[in-house]
Amino acid sequence: MSQRIALGFGNNVDLEIAWDAETINNLVADYAIVAADLAGERAITNERELLISILRFVQTGRGGERFVAHSGLIEHFASRFQRKISLGGSPPRAAIAMGKLGHTAALHLVSINDEIRQLLPAACPWVCSNRRDSHYPHLIVQYARGATIQANDIHIVAPAANRLIYHCNADNITMRLNADFADLLTNARALLVSGFNAMQSADLLIARLENLSEMLQKLPAEAVLFCEDGGYFDAKFRRILQTQLVSRLDVYSMNEDELAEQLGARIPLDDAQAILPALDWLQGRIPAKTLVLHTNRWALAHGGGAKRYDSALRAGVTVATTRYCHGDDWTLVDYQAMQARPPSPANAHFAEAIHASRDDTCCVPVATVAPTYPTTIGLGDAFVGGFMTALAD
(Lines give C-alpha, C1' and ligand atoms only; values in the text may rest on other atoms or scores of the structure.)
Protein backbone atom coordinates (compact mmCIF):
# COMPACT_ATOMS: atom_id res chain seq x y z
CA MET A 1 0.00 0.00 0.00
CA SER A 2 1.58 3.25 -1.13
CA GLN A 3 1.04 6.55 0.69
CA ARG A 4 1.07 10.20 -0.28
CA ILE A 5 3.96 10.74 2.13
CA ALA A 6 6.95 8.47 2.79
CA LEU A 7 9.31 9.01 5.71
CA GLY A 8 12.80 7.52 6.02
CA PHE A 9 15.08 6.26 7.25
CA GLY A 10 16.27 5.82 10.85
CA ASN A 11 14.43 5.30 14.14
CA ASN A 12 15.08 4.39 17.76
CA VAL A 13 13.77 4.36 21.31
CA ASP A 14 14.20 7.60 23.25
CA LEU A 15 14.86 7.76 26.99
CA GLU A 16 13.52 11.19 27.92
CA ILE A 17 14.82 12.09 31.36
CA ALA A 18 13.12 14.61 33.64
CA TRP A 19 15.49 17.45 34.57
CA ASP A 20 16.53 17.07 38.21
CA ALA A 21 18.77 19.89 39.44
CA GLU A 22 19.64 18.11 42.68
CA THR A 23 20.87 15.00 40.87
CA ILE A 24 22.84 17.08 38.36
CA ASN A 25 24.46 19.18 41.09
CA ASN A 26 25.35 16.10 43.12
CA LEU A 27 26.98 14.46 40.09
CA VAL A 28 28.98 17.61 39.34
CA ALA A 29 30.23 17.59 42.92
CA ASP A 30 30.94 13.84 42.96
CA TYR A 31 32.95 14.01 39.74
CA ALA A 32 34.80 17.14 40.93
CA ILE A 33 33.88 18.99 37.73
CA VAL A 34 35.04 22.61 37.74
CA ALA A 35 34.52 25.51 35.34
CA ALA A 36 37.85 24.90 33.62
CA ASP A 37 36.62 21.45 32.56
CA LEU A 38 33.95 23.03 30.36
CA ALA A 39 36.43 24.42 27.84
CA GLY A 40 36.63 22.55 24.55
CA GLU A 41 34.77 19.67 22.95
CA ARG A 42 35.82 16.13 23.81
CA ALA A 43 34.86 12.54 23.04
CA ILE A 44 32.22 11.17 25.42
CA THR A 45 33.56 7.89 26.77
CA ASN A 46 32.32 7.99 30.37
CA GLU A 47 29.65 9.56 32.56
CA ARG A 48 31.86 12.44 33.66
CA GLU A 49 32.42 13.51 30.04
CA LEU A 50 28.70 13.12 29.30
CA LEU A 51 27.88 15.43 32.19
CA ILE A 52 30.47 17.98 31.05
CA SER A 53 28.88 17.96 27.58
CA ILE A 54 25.45 18.64 29.08
CA LEU A 55 26.82 21.52 31.17
CA ARG A 56 28.46 23.10 28.13
CA PHE A 57 25.18 23.09 26.23
CA VAL A 58 23.09 24.39 29.14
CA GLN A 59 25.60 27.20 29.65
CA THR A 60 24.88 28.51 26.13
CA GLY A 61 21.18 27.63 25.91
CA ARG A 62 21.83 25.68 22.73
CA GLY A 63 20.68 22.29 21.56
CA GLY A 64 22.66 19.58 19.82
CA GLU A 65 23.34 15.96 19.08
CA ARG A 66 26.41 14.04 20.19
CA PHE A 67 27.75 10.49 19.97
CA VAL A 68 28.83 8.48 23.02
CA ALA A 69 31.13 5.49 23.29
CA HIS A 70 28.47 2.87 24.09
CA SER A 71 24.75 2.52 24.82
CA GLY A 72 25.42 1.23 28.33
CA LEU A 73 26.58 4.72 29.26
CA ILE A 74 23.21 6.14 28.15
CA GLU A 75 21.18 3.59 30.09
CA HIS A 76 23.28 4.02 33.24
CA PHE A 77 22.95 7.82 33.19
CA ALA A 78 19.21 7.69 32.42
CA SER A 79 18.64 5.30 35.36
CA ARG A 80 19.53 8.14 37.74
CA PHE A 81 16.44 10.14 36.70
CA GLN A 82 12.73 9.76 36.25
CA ARG A 83 12.29 8.96 32.58
CA LYS A 84 9.79 8.39 29.83
CA ILE A 85 10.20 5.93 26.97
CA SER A 86 9.12 7.31 23.60
CA LEU A 87 9.49 6.59 19.89
CA GLY A 88 12.47 8.45 18.44
CA GLY A 89 13.79 9.36 15.02
CA SER A 90 12.44 11.94 12.58
CA PRO A 91 10.30 9.51 10.52
CA PRO A 92 8.17 8.08 13.37
CA ARG A 93 7.92 11.38 15.26
CA ALA A 94 6.85 13.17 12.07
CA ALA A 95 4.33 10.39 11.39
CA ILE A 96 2.83 10.81 14.86
CA ALA A 97 2.39 14.55 14.20
CA MET A 98 0.81 13.84 10.82
CA GLY A 99 -1.57 11.37 12.44
CA LYS A 100 -2.93 14.08 14.73
CA LEU A 101 -3.80 16.04 11.59
CA GLY A 102 -5.55 13.08 9.99
CA HIS A 103 -2.80 11.76 7.69
CA THR A 104 -0.80 8.57 7.52
CA ALA A 105 2.68 8.00 6.08
CA ALA A 106 4.79 5.06 4.98
CA LEU A 107 7.78 4.48 7.25
CA HIS A 108 11.22 2.98 6.76
CA LEU A 109 12.73 1.67 10.01
CA VAL A 110 16.19 0.35 10.83
CA SER A 111 15.41 -0.82 14.38
CA ILE A 112 12.60 -2.94 15.73
CA ASN A 113 11.73 -4.26 19.19
CA ASP A 114 8.63 -4.66 21.33
CA GLU A 115 8.74 -1.05 22.55
CA ILE A 116 8.87 0.24 18.98
CA ARG A 117 6.07 -2.09 17.85
CA GLN A 118 3.89 -0.81 20.68
CA LEU A 119 4.58 2.88 19.99
CA LEU A 120 4.37 2.93 16.17
CA PRO A 121 1.28 4.64 14.71
CA ALA A 122 -1.04 1.74 13.96
CA ALA A 123 -2.31 3.13 10.65
CA CYS A 124 1.15 3.61 9.09
CA PRO A 125 2.55 0.89 6.82
CA TRP A 126 6.23 0.25 7.45
CA VAL A 127 9.21 -1.86 6.50
CA CYS A 128 12.31 -2.49 8.58
CA SER A 129 15.80 -3.35 7.36
CA ASN A 130 16.65 -5.28 10.53
CA ARG A 131 15.26 -8.79 10.85
CA ARG A 132 16.26 -9.12 14.49
CA ASP A 133 15.14 -7.16 17.50
CA SER A 134 17.72 -4.69 18.80
CA HIS A 135 17.89 -2.01 21.49
CA TYR A 136 20.07 1.08 21.20
CA PRO A 137 18.28 3.81 23.18
CA HIS A 138 18.96 7.52 22.73
CA LEU A 139 19.26 9.81 25.73
CA ILE A 140 17.12 12.95 25.48
CA VAL A 141 17.91 15.77 27.91
CA GLN A 142 15.44 18.64 28.04
CA TYR A 143 16.14 21.75 30.08
CA ALA A 144 14.13 24.90 30.69
CA ARG A 145 15.19 28.51 30.55
CA GLY A 146 16.52 29.40 33.98
CA ALA A 147 17.64 25.86 34.80
CA THR A 148 20.39 26.33 37.37
CA ILE A 149 23.50 24.25 38.04
CA GLN A 150 25.56 25.26 41.05
CA ALA A 151 28.34 23.08 42.41
CA ASN A 152 32.07 23.54 43.07
CA ASP A 153 33.01 26.76 41.21
CA ILE A 154 30.30 26.26 38.57
CA HIS A 155 27.27 28.52 38.45
CA ILE A 156 25.17 28.13 35.29
CA VAL A 157 21.75 29.58 34.53
CA ALA A 158 20.34 28.42 31.18
CA PRO A 159 19.60 31.48 28.99
CA ALA A 160 17.05 29.52 26.91
CA ALA A 161 15.17 26.23 26.85
CA ASN A 162 16.51 23.49 24.60
CA ARG A 163 17.09 19.77 24.13
CA LEU A 164 20.11 17.48 23.75
CA ILE A 165 20.43 14.07 22.07
CA TYR A 166 23.09 11.47 22.92
CA HIS A 167 23.36 8.09 21.23
CA CYS A 168 25.42 5.14 20.06
CA ASN A 169 23.07 3.27 17.76
CA ALA A 170 24.55 0.48 15.64
CA ASP A 171 21.40 0.26 13.52
CA ASN A 172 21.56 3.94 12.59
CA ILE A 173 25.33 3.83 12.14
CA THR A 174 25.07 1.03 9.56
CA MET A 175 21.73 2.33 8.14
CA ARG A 176 20.76 -0.78 6.20
CA LEU A 177 17.99 -0.07 3.69
CA ASN A 178 15.11 -2.39 2.86
CA ALA A 179 14.50 -2.39 -0.89
CA ASP A 180 10.81 -3.16 -0.28
CA PHE A 181 10.38 0.46 0.79
CA ALA A 182 10.48 1.38 -2.91
CA ASP A 183 7.03 -0.22 -3.32
CA LEU A 184 5.63 2.32 -0.84
CA LEU A 185 6.91 5.24 -2.95
CA THR A 186 4.96 4.71 -6.16
CA ASN A 187 2.22 7.26 -5.41
CA ALA A 188 4.12 9.47 -2.97
CA ARG A 189 3.92 13.24 -3.22
CA ALA A 190 6.92 13.69 -0.93
CA LEU A 191 9.74 11.64 0.62
CA LEU A 192 11.65 12.56 3.75
CA VAL A 193 15.34 11.61 3.74
CA SER A 194 16.90 11.75 7.21
CA GLY A 195 19.05 9.74 9.61
CA PHE A 196 22.20 9.36 7.51
CA ASN A 197 23.97 11.85 9.81
CA ALA A 198 24.63 9.00 12.27
CA MET A 199 26.81 7.03 9.85
CA GLN A 200 30.52 6.77 10.56
CA SER A 201 31.99 5.29 7.34
CA ALA A 202 32.21 7.30 4.12
CA ASP A 203 32.34 4.15 1.98
CA LEU A 204 29.28 2.69 3.67
CA LEU A 205 27.42 5.98 3.38
CA ILE A 206 28.09 6.07 -0.38
CA ALA A 207 26.89 2.48 -0.70
CA ARG A 208 23.67 3.24 1.20
CA LEU A 209 23.01 6.32 -0.91
CA GLU A 210 23.43 4.18 -4.02
CA ASN A 211 20.77 1.86 -2.57
CA LEU A 212 18.57 4.90 -2.00
CA SER A 213 19.07 6.05 -5.60
CA GLU A 214 17.72 2.71 -6.78
CA MET A 215 14.62 3.19 -4.63
CA LEU A 216 14.10 6.68 -6.00
CA GLN A 217 13.44 5.22 -9.43
CA LYS A 218 9.93 4.40 -8.14
CA LEU A 219 9.37 7.86 -6.68
CA PRO A 220 7.18 9.92 -9.04
CA ALA A 221 9.13 12.61 -10.89
CA GLU A 222 6.89 15.37 -9.50
CA ALA A 223 7.29 14.23 -5.88
CA VAL A 224 9.23 16.46 -3.48
CA LEU A 225 12.42 14.97 -2.05
CA PHE A 226 12.83 16.67 1.34
CA CYS A 227 16.13 16.18 3.17
CA GLU A 228 16.38 17.09 6.86
CA ASP A 229 19.85 17.91 8.17
CA GLY A 230 21.14 16.70 11.54
CA GLY A 231 24.12 16.49 13.84
CA TYR A 232 26.63 14.65 11.64
CA PHE A 233 29.23 12.30 13.10
CA ASP A 234 31.59 13.67 10.45
CA ALA A 235 30.70 17.04 8.92
CA LYS A 236 32.24 15.95 5.59
CA PHE A 237 29.52 13.29 5.25
CA ARG A 238 26.91 16.02 4.84
CA ARG A 239 28.55 16.99 1.56
CA ILE A 240 28.65 13.36 0.38
CA LEU A 241 24.89 13.06 0.89
CA GLN A 242 24.17 16.35 -0.86
CA THR A 243 26.33 15.41 -3.84
CA GLN A 244 24.85 11.93 -4.18
CA LEU A 245 21.28 13.26 -4.16
CA VAL A 246 21.92 16.30 -6.36
CA SER A 247 19.74 15.10 -9.24
CA ARG A 248 16.60 14.78 -7.04
CA LEU A 249 17.17 17.10 -4.08
CA ASP A 250 14.24 19.54 -3.95
CA VAL A 251 14.30 20.80 -0.36
CA TYR A 252 17.19 20.81 2.11
CA SER A 253 16.05 21.73 5.63
CA MET A 254 17.88 22.62 8.86
CA ASN A 255 17.44 24.35 12.22
CA GLU A 256 19.47 27.23 13.62
CA ASP A 257 22.03 24.97 15.33
CA GLU A 258 22.69 23.09 12.09
CA LEU A 259 22.91 26.40 10.23
CA ALA A 260 25.57 27.59 12.68
CA GLU A 261 27.50 24.33 12.25
CA GLN A 262 27.62 24.77 8.49
CA LEU A 263 28.51 28.46 8.67
CA GLY A 264 31.02 28.06 11.48
CA ALA A 265 29.37 30.99 13.28
CA ARG A 266 26.04 32.05 14.78
CA ILE A 267 23.89 34.72 13.18
CA PRO A 268 21.31 36.80 15.09
CA LEU A 269 17.88 35.39 14.28
CA ASP A 270 16.35 38.87 14.30
CA ASP A 271 18.71 40.32 11.67
CA ALA A 272 17.35 39.81 8.16
CA GLN A 273 20.34 41.53 6.57
CA ALA A 274 22.66 38.99 8.20
CA ILE A 275 20.51 35.94 7.43
CA LEU A 276 20.09 36.58 3.72
CA PRO A 277 23.80 36.58 2.77
CA ALA A 278 24.23 33.40 4.80
CA LEU A 279 21.42 31.75 2.86
CA ASP A 280 22.93 32.86 -0.45
CA TRP A 281 26.27 31.38 0.60
CA LEU A 282 24.63 28.10 1.60
CA GLN A 283 22.69 27.97 -1.64
CA GLY A 284 25.96 28.10 -3.50
CA ARG A 285 27.15 25.03 -1.58
CA ILE A 286 24.04 22.91 -1.18
CA PRO A 287 22.69 21.52 -4.48
CA ALA A 288 19.00 21.79 -3.59
CA LYS A 289 16.35 23.80 -5.40
CA THR A 290 15.09 25.26 -2.11
CA LEU A 291 16.61 25.72 1.32
CA VAL A 292 14.37 25.62 4.40
CA LEU A 293 15.45 27.04 7.73
CA HIS A 294 13.22 26.52 10.78
CA THR A 295 13.87 28.28 14.07
CA ASN A 296 11.97 29.10 17.25
CA ARG A 297 11.12 32.54 15.79
CA TRP A 298 10.28 31.88 12.15
CA ALA A 299 10.68 29.46 9.28
CA LEU A 300 11.64 30.35 5.75
CA ALA A 301 12.13 28.86 2.31
CA HIS A 302 14.83 30.33 0.09
CA GLY A 303 15.60 29.78 -3.57
CA GLY A 304 13.76 28.39 -6.55
CA GLY A 305 10.07 27.76 -5.92
CA ALA A 306 10.26 29.06 -2.34
CA LYS A 307 6.78 30.58 -2.40
CA ARG A 308 5.13 27.26 -3.27
CA TYR A 309 6.01 26.14 0.26
CA ASP A 310 4.17 28.94 2.09
CA SER A 311 1.37 26.68 3.38
CA ALA A 312 3.89 23.96 4.28
CA LEU A 313 5.96 26.43 6.32
CA ARG A 314 2.82 27.61 8.11
CA ALA A 315 1.74 24.08 8.94
CA GLY A 316 5.26 23.23 10.09
CA VAL A 317 5.66 26.15 12.51
CA THR A 318 2.11 25.69 13.80
CA VAL A 319 2.65 22.01 14.63
CA ALA A 320 6.05 22.71 16.21
CA THR A 321 4.71 25.61 18.30
CA THR A 322 1.69 23.55 19.37
CA ARG A 323 4.00 20.77 20.53
CA TYR A 324 6.21 23.33 22.29
CA CYS A 325 3.19 24.44 24.33
CA HIS A 326 1.34 21.14 24.85
CA GLY A 327 3.94 18.36 24.52
CA ASP A 328 3.05 14.85 23.38
CA ASP A 329 -0.62 15.31 24.21
CA TRP A 330 -1.35 18.12 21.76
CA THR A 331 -4.57 17.73 19.78
CA LEU A 332 -6.13 18.96 16.56
CA VAL A 333 -8.09 21.50 18.64
CA ASP A 334 -4.81 22.82 20.08
CA TYR A 335 -3.40 23.06 16.54
CA GLN A 336 -6.42 25.00 15.30
CA ALA A 337 -6.20 27.37 18.25
CA MET A 338 -2.52 27.96 17.49
CA GLN A 339 -3.38 28.75 13.86
CA ALA A 340 -5.50 31.64 15.12
CA ARG A 341 -2.82 33.17 17.33
CA PRO A 342 -1.07 36.28 15.99
CA PRO A 343 2.68 36.20 15.38
CA SER A 344 5.12 37.90 17.69
CA PRO A 345 5.55 41.52 16.54
CA ALA A 346 9.32 41.06 16.40
CA ASN A 347 8.99 37.86 14.36
CA ALA A 348 6.45 39.50 12.06
CA HIS A 349 8.81 42.45 11.54
CA PHE A 350 11.60 40.03 10.57
CA ALA A 351 9.36 38.32 8.01
CA GLU A 352 8.35 41.69 6.55
CA ALA A 353 12.01 42.67 6.24
CA ILE A 354 12.78 39.41 4.43
CA HIS A 355 9.92 39.88 1.97
CA ALA A 356 10.85 43.51 1.36
CA SER A 357 14.42 42.51 0.53
CA ARG A 358 13.91 39.46 -1.67
CA ASP A 359 11.32 37.87 -3.89
CA ASP A 360 12.96 34.43 -3.80
CA THR A 361 12.34 33.93 -0.06
CA CYS A 362 9.15 33.09 1.82
CA CYS A 363 9.13 33.62 5.60
CA VAL A 364 6.49 32.68 8.18
CA PRO A 365 6.75 34.17 11.71
CA VAL A 366 6.05 32.12 14.83
CA ALA A 367 3.16 32.99 17.15
CA THR A 368 3.65 34.61 20.54
CA VAL A 369 3.63 31.88 23.20
CA ALA A 370 4.97 31.56 26.74
CA PRO A 371 4.14 28.12 28.17
CA THR A 372 5.03 27.46 31.79
CA TYR A 373 6.51 24.06 30.95
CA PRO A 374 7.66 24.13 27.30
CA THR A 375 8.52 20.97 25.41
CA THR A 376 11.76 21.24 23.46
CA ILE A 377 11.97 17.59 22.39
CA GLY A 378 11.00 16.70 18.83
CA LEU A 379 10.20 20.21 17.62
CA GLY A 380 12.15 19.75 14.39
CA ASP A 381 10.36 16.47 13.77
CA ALA A 382 7.02 18.18 14.49
CA PHE A 383 7.92 20.86 11.94
CA VAL A 384 8.66 18.16 9.36
CA GLY A 385 5.35 16.44 10.14
CA GLY A 386 3.40 19.66 9.59
CA PHE A 387 5.37 20.52 6.44
CA MET A 388 4.75 17.06 4.98
CA THR A 389 1.05 17.17 5.82
CA ALA A 390 0.70 20.32 3.72
CA LEU A 391 2.48 18.57 0.83
CA ALA A 392 0.08 15.64 1.15
CA ASP A 393 -2.84 18.04 0.84
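## A buried acid and its partner

Let's start with glutamate 16, which has 10% relative accessibility and therefore counts as buried, since the cut-off for that class is under 20%. In this predicted model, the side chain of glutamate 16 meets that of arginine 93 in a salt bridge, with an N to O distance of 3.0 Å. The two residues come from distant parts of the chain: glutamate 16 sits in strand E2 (residues 12–17) and arginine 93 in helix H4 (residues 90–100), 77 residues apart.

Arginine 93 is also at 10% relative accessibility, so this residue counts as buried too. The pair does not stand alone, as a network of salt bridges links Asp14, Glu16 and Arg93.

## Arginine 238 and aspartate 229

Next comes a salt bridge between arginine 238 and aspartate 229, whose closest N and O atoms lie 2.8 Å apart. Are these partners buried or exposed? Arginine 238 is buried, with a relative accessible area of 5%, and aspartate 229 is buried as well, at 6%.

## Arginine 323 and aspartate 328

Arginine 323 pairs with aspartate 328 in another salt bridge, and here the closest N and O atoms are 2.7 Å apart. Arginine 323 has 7% relative accessibility, so it counts as buried. Aspartate 328, in contrast, has a relative accessible area of 30% and is partly exposed.

## The overall count

How many salt bridges does the model contain? The count comes to 19 salt bridges, among them the glutamate 16 and arginine 93 pair described at the start.

Conventions:
Residues numbered from 1 in each chain as written. Predicted model: local features only at pLDDT ≥ 70, side-chain atom pairs only at ≥ 80, totals over all residues. Heavy atoms only, no water. Salt bridge = Lys/Arg side-chain N within 4 Å of Asp/Glu carboxyl O. Helix = DSSP H or I, 4+ residues; strand = E, 2+ residues; numbered from the N terminus. Buried < 20%, exposed > 50% of the residue type's maximum accessible area, 1.4 Å probe, protein only.
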